[in-house]
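Got a model open and wondering how to read it? Let's talk it through.

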Amino acid sequence: MVTANGDKKDGVQVLSRKDFVSDQEVRWCPGCGDYSILAQTQKVMPELGIPRENIVFISGIGCSSRLPYYMDTYGMHSIHGRAPTIASGLKASRPELSVWVVTGDGDALSIGGNHLLHVLRRNIDLQIILHNNQIYGLTKGQYSPTSELGKRTKSSPVGTIDAPLHPLTVALGAEATFVARTVDVDPHHMVGVLERAYQHHGSAFCEVYQNCNIYNDGAFADFTAKEVRADRMLFLEHGKPMIFGKERNKGIRINGLQPEVVEIGVDGITEADLLVHDETRPDPTIAFMLSRMSYPDFPVPIGVIRAVQRPTYDDLMTAQIEHAVAVEGEGDLRTLFTEGDTWVVE
Amino acid sequence: MTTLTKESQGPEHPELLELDRVTIRFAGDSGDGMQLAGTQFTKTSAVVGNDISTFPDIPAEIRAPQGSLPGVSGFQVSFASTEIYTPGDAPDVLVAMNPAALKTNLADLPRGGILVVNEDEFTETNLRKATYASNPLEDGSLRSYRTFRVPISTLNARALEDSGLTAVQVDRCKNMFALGLMFWLYSRPLDTTVHWITEKFGKNPGVAAANIKTLKAGYAFGETTEMFATHYHVPKAKQKPGLYRNITGNEATALGFVTASKLAGRQLFYGSYPITPASDVLHELARFKNFGVKTFQAEDEIAAVGAAIGASFGGSLGLTGTSGPGLALKSEAIGLAVMLELPLVVMDVQRAGPSTGMPTKTEQGDLLQCMFGRNGESPVAVVAPATSSDCFNMAIEAWRIAIKYRTPVVFLSDGYLGMGSEPWLVPDYDSLPKIPVVFASDPATYKPYARDPETLAPPWAIPGTPDLEHRVGGLEKADITGNVSYDPANHDKMVHLRAEKVARIAQDIPELVVDGDERGGLLVLGWGSTYGVIMTAVQRARAQGKRVSMAHLRYLNPFPRNLGEVLTRYDKVLIPEINLGQLRLLVRGTFLVDAVGFNKVAGRPFTIRDIEERIGELA
């Protein structure tokens, strides 16, 4: 176990990335996108200003779910799909802790799909980082609930016949208050999204496109590769028009109920015609639309898609308890024991 | 039922007979308010000093079609001038509010028993719904009972003519008329119920007045009509002195859990998904917010136990509760708690299975599920309350063990204990022993899976403790460090350590006490809710001179340390269970004792006679 080695400033320990690296050997396949996610997570932690002992990483089962072993924080590698339940109980009982759920596409959307819906609708104040590689890696290459239709894998030799889920669409449908996407190959962007997720008060859902170089290599390369990224991804910025392209000359416009890609300067189109990104919009319709935009018809949106405020479950729970104590007083068992009709036997 | 004294009240008054025990069953449509009439009768009987025991019989359907057989709801209360341990085998009195209630309950009423029927409801339509070919009130089929035909609906309506309530509202009051009549028949005062009605309908004085009026009308009907030649008195029981209240097993369980939380000085966190017959515990605990109790109604049974494990990881008392089908869903997560070695209490209020089974009916079918229903070698402690009020003690005990040994503990109750009620001698809170909780705090010595030499429990290091950051998980862990390990020798060691830790709880629980002879003859060994019937049956058999003793297990894993030795002292061992012999399998397998069983799985408690007959075959 590595102990904090930073300086003390005003009695507060200043931590560095190294303080979050555990003594466990990292055992993902060389070249796996999970390395990048781990590195950015370790990098962002000291920036958040939380005492290390108050941070807890909870995961389910799968390649991604090994991550807590490598973080020198409190952590639990639990059972398949159930990390949100454990995290919910921990956060509801200890609201002062910073709780992070690490999960994958199979863990969060197949076996644990139900829990994902409910943690989001409750808006428990925690972060959910979903490593989406569109494949089952740990069990060696079966299709996942986000695999594209028709995908050939070990368990679908002639192609899958079940339609994939879109994680962000699911999250929005579950009333998520914070929905974001980032990619493993853009560390700088990922750090920004992780910071925003932490700052959000409520459930923060982040999908990370993560390359599985063994079983699904290049799944996202068509649009995440450095040379095409600017043309094929839409970097969302709050309050800014949705512009993309190497030349910054393409944008997204609403046409009726549909988005469309337009070129600035063509047919008299100006920046003013483009959709302006508003992550705080109470109505989720545009966020829903963004969550469905995919390459090659559209650039793939990344960044914070939605960030709205709604009371959190843990705050409401605390408030109910404080209210009960204020109104009824601190509970006394002597009174509770004798509630209702009692009688004395002489 | 024995007549003790005879007291003449003069020729114009019905005579008053003294009885030592009476059992009444109220039965009617599920909308007829029978549970309410039954609980009110119980409260009053308790307040006048009888020992009491109750058993509600609730249909699974919330509102089955009115007047239909599945829609019948019943409530049995037994009250006595002596100590009693069961709600009675068979009712002495059956109050049947409609033909369906008569049809489904009459078989339990002994010949010569008192039958009170609401004759207004014996219409052609209702008779058809109850599948009667002819009217039992007319066709002579009730001749062997003391049948009283009372036009309860009409009398109730007449009493409330000027109440200003609608016809539907008036009809809803008729359970109070029936209750008033029973109060007269058994010489009970009305004031407890009058007080309750006033409180309950405080916001609606019209409804309160109507209920009180018809309650009194029912009482007066008994007093003035010449229909009843006799009424009865059941004197006070001799009970241990002290302050009492009536309590159901589920209420006692909830109180026990919140008490454990106070004794341990730790927050109670209850994760649960509604399921019959365990939901009452969720309802109770949800009221205890000013005790800092947090209740989490989860999206499913798995989330409920997951949340409890999360709470325990954080240093709270993580509790989950369910019935059999829910326990099946929680299995994997309980295995995780075994592997993590976190304190966790899992309440199972058993019901008739398998699968959905009969949700409102009782059974003892989950013992082996608790013991073995997980993958791998996955030992948990199991405790089982013997009576409704014992649920309080064993709920505290479950937490004491869970915390001290850092292990999941199953609290194994059942529908009969949970829904049934009995008087509870209110404990002195200040005399209850505290439950010590020790958290790890010293980074210099902390090792996640180093063990206490006596209990083998690893330390409990909770998030928020500086420099004790560590990772736990469901993967096998190396001894001491807790790092992931696939080492064969380590796995073998850890499997043995986890088993040994649970086995060592035996050093920390009371020895089994035998009631009866020290040795020889028949030993009746029971567990859980069968305590009352076994106790009564054994007492009766001993009164007849039979060599029968009894012992009752409240700790099922590990067993009390003297159980093996106790079993060798008797010629025969009988294990009655409401399952096909689950404890018997454990006892035979563990001690090589040729125990025999009594196993009737009818969704209802044993009767005393069931056990007496089986004893008769063996002793």
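What follows is a short tutorial dialogue on a predicted model.

Q: Let's start with the big picture. Which domains does chain B have?

A: The domain assignment splits chain B into domain 1 (3–233), domain 2 (245–431) and domain 3 (514–618). For domain 1 and domain 2 of chain B, the C-alpha centres lie 35 Å apart. Across that pair, 13 residues of domain 1 of chain B contact nine residues of domain 2 of chain B. About 950 Å² is buried between them, with 59% from carbon and sulfur atoms.

Q: How many residues of α9(B) are buried?

A: An α-helix has 3.6 residues a turn, so residues three or four places apart point the same way. Here, α9(B) is mostly covered, with 14 of its 16 residues buried. As for length, at 1.5 Å a residue helix α9 (residues 249–264) of chain B should span 22 Å, and its end C-alpha atoms are indeed 22 Å apart. Right after α9(B), B:G265 has a positive phi of about 70°.

Q: Now sheets. What is the strand order in the open sheet of chain B?

A: Strands of a sheet pair through backbone hydrogen bonds, either parallel or antiparallel. The five strands run β19-β21-β20-β23-β24 (chain B), with mixed pairing. Since β19 (514–515) and β24 (596–599) of chain B each have a single partner strand, they stand at the edges, so one side of each has no neighbour in the sheet.

Q: How many bridges join β19(B) to β21 of chain B?

A: Two, and these strands run antiparallel. B:D515 has B:M550 in β21(B) as its bridge partner.

Q: Which strands does helix α19 of chain B touch?

A: Helix α19 (residues 582–591) of chain B packs on the sheet and touches β20, β21, β23 and β24 of chain B.

Key. Residues are numbered from 1 along each chain as its sequence is written. Chains are lettered from A and ligands numbered from 1 in the order in which they are written. This is a predicted model: local features need pLDDT of at least 70, side-chain atom pairs count only at pLDDT 80 or more; totals for chains, interfaces and linings use all residues. Side-chain values use heavy atoms; hydrogens and water are left out. Helices (H or I, at least four residues) and strands (E, at least two) are DSSP runs, numbered from the N terminus. The expected span of a helix is 1.5 Å times one less than its number of residues. Buried means under 20% relative accessible area, exposed over 50%, partly exposed in between (1.4 Å probe, protein chains only). Two strands pair if DSSP finds at least two bridges between them. Contact means heavy atoms within 4.5 Å. Axes are lines fitted to C-alpha atoms, for helices over the stretch in contact, and angles run from 0 to 180 degrees between N-to-C directions. Domain bounds come from an automatic or database domain assignment. Buried area is the accessible area (1.4 Å probe) that two parts lose on being put together, summed over both.
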